[in-house]
Amino acid sequence: MKVTQFLLSTFVCAISTSLGAQNPIVQTCFTTDPAPLVHDGKVYLYTGHDEDKADFFWMQEWRVYSSEDMVNWTDHGSPLALESFDWADDRAWAGQCVEHKGKFYWYICAHSKITNAMAIGVAVSDSPTGPFVDAIGKPLADGSWDYIDPSVMIDDDGQGYIYWGNPEVYYALLNDDMISLKSEIEIIPQCEESFGGPNIKLRKEGVKYKDCYTEGPWLHKRNNKYFLLYAAGGVPEHIAYSSSDTPVGPWKYEGEIMPLQNTGSFTNHCGLIDYKGNSYFFYHTGKLPEGGGFGRSVAVEEFTYNDDNTFPIINATDKGVSPVGKLDPYKRVEAETIAFSKGVKSEPNQKTGIYISDIHNDEFIMVREVDFTKKSPKKIDVSVASALRGGLIEVRADSINGELLTEINVPGTGGWENWQTISARLDKKITGCHDLYFVFKGRKGCKLFNFDYWQFYN
Ligand code: FUB
């Protein structure tokens, strides 16, 4: 492709996308405690999952999403849950997955049947999306109510470090197998110099401290400097950070990154990546409809480090981030690849994998940066199933009321997982880059059909 052609197509993509909200980045369920990982050109996002209508962090499973453009996220379901650990029976709380020598190690915390306290566990897989299995059949560290929120970083010399804790800050060195500790579990001293305020046990009543460590550490290295980001200030939480010349301190309190935000969630929890030349800060809010302190949702912001290798202040936005890639509509696209949706849920199935369910009249799925190129498609295939009467999919460009490209009649197929491929011709021409809306229509008040994937042909 000539440079002018490339610039033109990038420009067309940029102006055709709507300026709509991109946060929270998953709308099909509540997601918490984001832990992003870049592997092989893709972003994998590991999250917790708040149950609908919860009145505490009664969390059962962890989930994975992936993206190649930071706006369209593919749901890979839940390859890790409390049942994956014989020793765990409650509170599938925050974790982080890292890659080491071709294997993926997912460090989590959960309530331990063995000690009736919280414990740190580790699961392993050959793939970033699982399946994951308990790597050691027992906790890596067990026995204290504040053994939560593990974060792992592998340094340039190959040494792995694991941090966790609330309200203590614990750390240990990992062996090269990533599933055993090389060192004793150490406690980092908390004082005004290191975290803006002393450990909770040493705080004096009536004294106003600059800040204090709460939970959710995220260990990070940049330009030979180590950073520990964490939820701070007690509840409600903001995000602050400390820096050090070594991965184990001494730490120096640096200040806030995400000050208290009016997001409806009294916790916050962060994760960081660099991807395609940009830096991204993941966090969670209570902003999804019916969300709140126990119904949280992951969001992301792009940011630029300050020239002196410190963090800027990052505020929560509804807009979120801009796309850094395009979606190819001439390849099969899973219906659970979504930039924004309304109403629908996702469901797992052994044979088809994840699909979109709970589709009702007037709900929709939107994908961004769909690049039809210069050739206009002639037809679209969708894979759908319905135990009832089916319904209709309107395929529209650029907005929910945008140009109608085609309508697809979805019949009853005799079962919610009796999949049929339905084809529809496109009479309208569409080229270049567009947002694409699948708007669902049918009888009001009932489930219409399930949706597994779509693909255009020309
Ligand atoms: O998601 C459960 C707990 O809430 C996490 O472990 C903490 O970091 C807080 O976000």
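In the predicted model, one aromatic cluster is formed by Tyr330, Phe372, Phe438, Phe440, Phe449, Phe451, Trp454 and Phe456. Aromatic pairs in the structure number 37. An edge-to-face example is the pair of Phe57 and Trp93, whose ring centres are separated by 5.8 Å and whose planes meet at 85°. Phe57 belongs to the loop between strand S2 (42–48) and strand S3 (61–67), while Trp93 belongs to the loop between strand S6 (88–90) and strand S7 (96–100), so this pair ties together parts that are 36 residues apart in sequence. Phe57 and Trp93 are both buried.

Aromatic rings also take part in contacts with charged side chains. Arg332 is placed over the face of Tyr453, 3.7 Å from the ring centre. In a second case, the charged end of Lys447 is positioned over the ring of Trp416, at 4.5 Å from its centre.

Trp93 is also one of the residues that surround the ligand. The other members of this shell are Asp33, Met59, Ala94, Asp149, Glu215, Thr267, His269, His284 and Arg296. Classified by residue type, the shell comprises four charged, three polar and three nonpolar residues. Polar side-chain atoms of the shell approach oxygen atoms of the ligand: the distance is 2.5 Å for Asp33 and 2.5 Å for Asp149. For Arg296, an N or O atom in the side chain is 2.8 Å from an oxygen atom of the ligand. On its own the ligand has 280 Å² of accessible area, of which the protein covers 99%.

Asp33 also has a noteworthy backbone conformation. Most residues other than glycine have a negative phi. In Asp33, however, phi is positive, near 45°. This residue is found in strand S1 (residues 32–39), and its relative accessibility of 8% is below the 20% limit, so Asp33 counts as buried. Asp358 likewise has a positive phi, near 55°. Its setting is the loop between strand S27 (353–357) and strand S28 (364–371). With a relative accessibility of 25%, Asp358 counts as partly exposed, because this value lies between the limits of 20% and 50%.

Cis peptide bonds were examined next. Most peptide bonds are trans. The bond from Val235 to Pro236 is instead cis, with omega near 0°, and Pro236 is placed in the loop between strand S17 (225–232) and strand S18 (238–244). Gly249 and Pro250 are also joined by a cis peptide bond, for which omega is about 5°. Pro250 is located in the loop between S18 and strand S19 (252–258).

Two further residues illustrate contrasting settings. Asn349 is part of strand S26 (residues 345–349). Its relative accessible area is 16%, and Asn349 is therefore buried, the limit being 20%. A polar atom of the Asn349 side chain lies 2.8 Å from the backbone nitrogen of Thr352. Ala54, by comparison, is found in the loop between S2 and S3. At 22% relative accessibility, Ala54 counts as partly exposed. The C-alpha atoms of Ala54 and Tyr283 are 20 Å apart in space, and the two residues are 229 residues apart in sequence.

How values were computed: Residues numbered from 1 in each chain as written. Predicted model: local features only at pLDDT ≥ 70, side-chain atom pairs only at ≥ 80, totals over all residues. Heavy atoms only, no water. Phe/Tyr/Trp six-rings, centres within 6.5 Å; stacked < 30°, edge-to-face > 60°. Helix = DSSP H or I, 4+ residues; strand = E, 2+ residues; numbered from the N terminus. Buried < 20%, exposed > 50% of the residue type's maximum accessible area, 1.4 Å probe, protein only. Lys NZ or Arg CZ within 6 Å of the ring centre and 35° of its normal. Near = heavy atom within 4 Å. Polar contact = N/O pair within 3.5 Å; in protein donor to acceptor, adjacent residues only side chain to side chain. Areas by Shrake-Rupley, 256 points an atom, 1.4 Å probe, with all protein chains shown as cover. Nonpolar A, V, L, I, M, F, W, Y, C, P; charged D, E, K, R; others polar.
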